[in-house]
Amino acid sequence: MGRLNGTLIIAMLACAWQPVMASPAGLPGDTLKPVVESRDSAAIGIVQVSGKKNPGGAQIDWNIPVGDDLKQVNIQYSTDGNHFTTISTARAGTTSFKDDWPSSRSTAYYRLEILRDEKPAAYSAIVVISTENSSSYILLQTNPISQVAKLKISSLTAQMFSAEWRTSQGTLIQSQPFQVSAGVNLIQLQAPDDLIAGNYYLRVMSEDKKQRQLFRIVKQ
């Protein structure tokens with residue numbers, strides 16, 4: 001069935017998780033992107049997921065160790081990378097899904113919701129599929145984190161970005177500048193050395209301020 005066919009350590013590729021919350025004090029105008037609240041971080045880490053655009057649709061492929069406790073896998077779709085809706089459910093052992101591609105849409109976001117017996121839901125990284133090179137986005141690929149926050153940033157131009165680590169009350173802890181290239185960039189941000197386990201905010205913003213996102217981070 002179908003619907004729609006994405007220190008500082010920076011790896012750049014030239015081409016081209018969840019409740020929404022109010023911004024903390026001192027951070028007006030930012031939009032919180034959803035983050036994975038699941039405690040089952042091990043399940044997130046072993047999931048491999050990818051996607052590609054096919055004629056008339058999109059194909060999502062994944063590899064999930066089945067195990068006796070795997071109940072089902074929900075394929076979820078979003079038009080903005082923020083609010084996701086389950087569009088199909090796959091049986092254990094299924095490894096792909098094909099989705100129709102509406103002619104009016106240029107970009108789609110997919111992720112997997114993994115349900116296991118007596119465990120919280122876990123989520124895969126978000127797959128972004130686009131038919132054009134004009135889309136720009138900032139995505140947090142894993143959450144909770146240990147010492148590194150992995151980001152996927154698509155930028156129309158080469159420019160500087162900044163990442164601000166803040167407390168749950170909005171107080172600035174540390175600011176990190178970094179460079180991105182035009183196209184898709186895979187970026188690993190090292191968390192501040194003295195950051196203890198807990199909830200934090202990570203604000204990522206481009207130098208021209210045209211791209212910015214605020215994420216709630218769970219530090220393990």
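Strand S17, which covers residues 212–219, has seven of its eight residues buried, so this strand is largely enclosed by the rest of the structure. The model is a predicted one, and buried here stands for a relative accessible area under 20%.

The partner of S17 is a good place to continue. Strands S16 and S17 run antiparallel and are joined by eight bridges, and one of the pairings sets Tyr201 opposite Arg216, its bridge partner in S17. Together S16 and S17 make a hairpin in which five residues lie between the two strands, and in that turn Lys209 has a positive phi of about 65°.

Both strands also contribute to the largest nonpolar core, since S16 (198–206) and S17 (212–219) are among the elements that give it two or more residues. This core has 20 residues, and those with the most contacts inside it are Leu151, Ile153, Trp165, Phe178, Leu189, Leu202 and Val204. The other elements that supply two or more residues are strand S11 (137–140), strand S12 (148–155), strand S13 (159–167), strand S14 (172–180) and strand S15 (183–190). Separate from this core there is a second one, made of 18 residues, which includes Tyr77, Ile87, Phe97 and Leu112.

Turning to the protein as a whole, the model contains one helix and 17 strands. Of its 220 residues, 48% count as buried, while the accessible surface of the protein comes to about 10,500 Å², with 49% of that area belonging to carbon and sulfur atoms.

Note on methods: Residues are numbered from 1 along each chain as its sequence is written. This is a predicted model: local features need pLDDT of at least 70, side-chain atom pairs count only at pLDDT 80 or more; totals for chains, interfaces and linings use all residues. Side-chain values use heavy atoms; hydrogens and water are left out. A nonpolar core is a set of buried Ala, Val, Leu, Ile, Met, Phe, Trp, Tyr and Cys residues joined through side-chain atoms within 4.5 Å. Buried means under 20% relative accessible area, exposed over 50%, partly exposed in between (1.4 Å probe, protein chains only). Helices (H or I, at least four residues) and strands (E, at least two) are DSSP runs, numbered from the N terminus. Two strands pair if DSSP finds at least two bridges between them. Accessible areas come from the Shrake-Rupley method with a 1.4 Å probe; for residues, only the protein chains shown count as cover.
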